[in-house]
Amino acid sequence: MIRLIVIFLFIFQTSIYSQSFEGIISYSITHNYMDSTLKNKVMPSKLDFYISGEFARIDQHTKIGVQTTIIDTLLNKHILLIQLMDKKFGIIINDENDTNEIEKITYSDNQKIFQNISCSKAFINNKNSTSTVYFTSEINNAYNINFKKLKGFPLYYEIISSDFMSSYEVSNITKQALDPILFEIDKNTSIYTMKDFQSLMSQ
């Protein structure tokens, strides 16, 4: 009986992902700083979201390079990829590392169109920030790592904290088949938990 349940759940999840979006979602990003001394912080200027089946890849473009996160939604695993000198590291990100857990979501009747997709509006209060989000139910929210309890996938969001205000707005959506290699992690990458990686860096 347990085996049948496991098989059913696997088939059910696979059928959901097979009907979902596959392709690339790109965002343009702007930052406004409350304190001008923070302008030199390494903040992303562009974000590319690759989605295929149960996998997603996030490339955040900054002044010093690209920061990549690989997401496996079936295993509920997020791995941040970092290269220091000639060494490659993967850091497992989990809920324990999330210092900005959602406290309250308030949904609005307001609608707005982004890239020909109708989006609903929500307000989100976190421990360290507040956000205004426009989201769509056309894309599975399992790929969304910023607002996990939201009833859809965000195509626009504005985050306000005590230090800065950041706006992420979808600039392009391309539906296409993606090469599975995009979601693979180099075999030469050393995988660590956040705690173990911090200990390694403090040596």
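**Salt bridges in a predicted model**

Reader: What is the relative accessible area of Lys46, and how is Lys46 classed?
Author: The model is predicted. Buried requires under 20% and exposed over 50%, with partly exposed in between. Lys46 has a relative accessible area of 33%, so this residue is partly exposed.

Reader: With which residue does Lys46 form a salt bridge?
Author: The closest N and O atoms of the pair are 2.7 Å apart, and a salt bridge needs such atoms within 4 Å. The partner counts as buried, at 6% relative accessibility. The partner of Lys46 is Asp48.

Reader: Is Arg57, the salt-bridge partner of Asp59, buried or exposed?
Author: The closest N and O atoms of Asp59 and Arg57 are 3.0 Å apart. Asp59 counts as buried, at 7% relative accessibility. Arg57 has 19% relative accessibility, and the limit for that class is under 20%, so Arg57 is buried.

Reader: How many residues apart are Lys88 and Asp186 along the chain?
Author: Lys88 forms a salt bridge with Asp186, with the closest N and O atoms 2.9 Å apart. This pair links distant parts of the chain: Lys88 lies in strand E6 (residues 87-93), while Asp186 lies in the loop between strand E11 (164-175) and strand E12 (190-193). Their separation is 98 residues.

Reader: Which accessibility class does Asp186 fall into?
Author: Its partner Lys88 is partly exposed, with a relative accessible area of 30%. Asp186 has 33% relative accessibility, so its class is partly exposed.

Reader: How many salt bridges does the structure hold?
Author: Among them are Lys46 with Asp48 and Lys88 with Asp186. The total is 3.

Notes:
Residues numbered from 1 in each chain as written. Predicted model: local features only at pLDDT ≥ 70, side-chain atom pairs only at ≥ 80, totals over all residues. Heavy atoms only, no water. Salt bridge = Lys/Arg side-chain N within 4 Å of Asp/Glu carboxyl O. Buried < 20%, exposed > 50% of the residue type's maximum accessible area, 1.4 Å probe, protein only. Helix = DSSP H or I, 4+ residues; strand = E, 2+ residues; numbered from the N terminus.
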